[in-house]
Amino acid sequence: MLSEVLLVSAPGKVILHGEHAVVHGKVALAVALNLRTFLRLQPHSNGKVDLNLPNIGIQRAWDVAKLQMLDTSFLKQGDVTALTPEQMEKLKEVAGFPEDCADHEHLAVLSFLYLYLSICQSQRWTEESLELINKWAFQGERVIHGNPSGVDNAVSTWGGALRYQQGKISSLKRPPALKILLTNTKVPRSTKALVAGVRSRLLKFPEIVAPLLTSIDAISLECERLLGEMAAAPAPEHYLVLEELIDMNQHHLNALGVGHASLDRLCQVTMAHGLHSKLTGAGGGGCGITLLRPDLEQPEVEAMKQALTSCGFDCWETSIGAPGVSVHTAASLDPPVWQALDGL
């Protein structure tokens, strides 16, 4: 029955500024995108828990009765806690995975199984608590990424635009509705390895890398100040400064060793169209963002998208400041979204 279906979504996110520096206590500015991931929850009478992640080709099922019989004492009760390496190995046993599995597909299943087993035995779970949702999402991030900053789960939970530093989160009031182009280079990378690489470079060249991190922090703070001004009265010169900050940050990230030839190509293609881009997230491939000024004509944007597509990249036009985790009715969804979910 349609009434039995629970539809939940969370926005995608990009980091405007502060990648990698945030791991070392600096400021990061993260924004929610109007590109959403949808979750369809529906009860079944077959006694199974089914997990279907079509975008990464995962479909698995577990008997609820068998899961309830498992010894899950290795999962701590009460407050949300980090998964230890020993608990991670035990979780792999429960899932029937080899000890050395580390690909994203296996880690996605382990993250789901950990959250499912932990939340189902928690008596303090409340769906209404964004704080609790954020804490559990962070633990899922730890299963996949090892030592995440906490930015991803925070901005997907609360939405809008956030300032994040050393675990302290504050919302940016009325962030301007900047339009961006999100580009996926489709080059796979390991966030965990890239974060470790920056840490290693900092230890090897502290007098060089520490000032880079401080400079990235200054870029984030200047962007925060500028976005505050734009909330009141955006002007063309604001976009020129935003473009300068994007260029400077991209060069700094390359100096930290998290750039990639695909990201360089993205910057070259967009610069040929008079636009400015930077990596977002861990780097090493992955995604980049391009600021779309309000004076751009749509044919110009389409020409640039075509040039990026010819490089083998995927592109999406979107805007920042989307709402956070949300519950939907089927009637509130765009027909293509509901049709995709209903077909799972």
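**A pocket, its helices and the surrounding salt bridges**

The residues that line the second largest pocket divide into 7 nonpolar, 6 polar and 3 charged, where Ala, Val, Leu, Ile, Met, Phe, Trp, Tyr, Cys and Pro count as nonpolar, Asp, Glu, Lys and Arg as charged, and the others, Gly among them, as polar. The structure is a predicted model, in which local features need pLDDT of at least 70 and side-chain atom pairs count only at pLDDT 80 or more, while totals for chains, interfaces and linings use all residues. Residues are numbered from 1 along each chain as its sequence is written, and side-chain values use heavy atoms, with hydrogens and water left out.

This second largest pocket (on a 1 Å grid over the protein atoms alone, an open set of points where a 1.4 Å probe fits, with protein on both sides within 12 Å along at least five of seven lines; lining residues have an atom within 4 Å of a point) is lined by 16 residues, of which L107, V143, I144, G146 and K192 lie nearest its centre. Two or more lining residues come from each of α2 (85-95), α3 (104-120), α4 and α6 (191-204), helices being DSSP runs of H or I with at least four residues and strands runs of E with at least two, numbered from the N terminus. Helix α4 gives the largest share of the lining, 4 residues.

Helix α2 also holds a salt bridge (a side-chain nitrogen of Lys or Arg within 4 Å of a carboxyl oxygen of Asp or Glu): the side chains of K92 and E89 meet at 3.5 Å, N to O, and because these residues are 3 apart in the helix, about one helical turn separates them. K92 counts as buried at 7% relative accessibility, whereas E89 is partly exposed at 31%; buried means under 20% relative accessible area, exposed over 50%, and partly exposed in between, with a 1.4 Å probe and protein chains only.

A search of the whole structure finds 12 salt bridges. Among them, R225 and E229 meet at 2.4 Å, N to O, and their separation is again about one helical turn, because they lie 4 residues apart in helix α7 (residues 206-232). R225 is partly exposed at 40% relative accessibility, as is E229 at 36%, and both belong with E222 to a network of salt bridges.

Turning to the backbone, H20 has a positive phi near 65 degrees although the residue is not glycine. H20 sits in the loop between β1 (6-17) and β2 (28-41), and counts as buried at 6% relative accessibility. Q166, likewise not a glycine, has a positive phi near 50 degrees; Q166 lies in the loop between β5 (161-165) and β6 (168-171) and counts as exposed at 64%.
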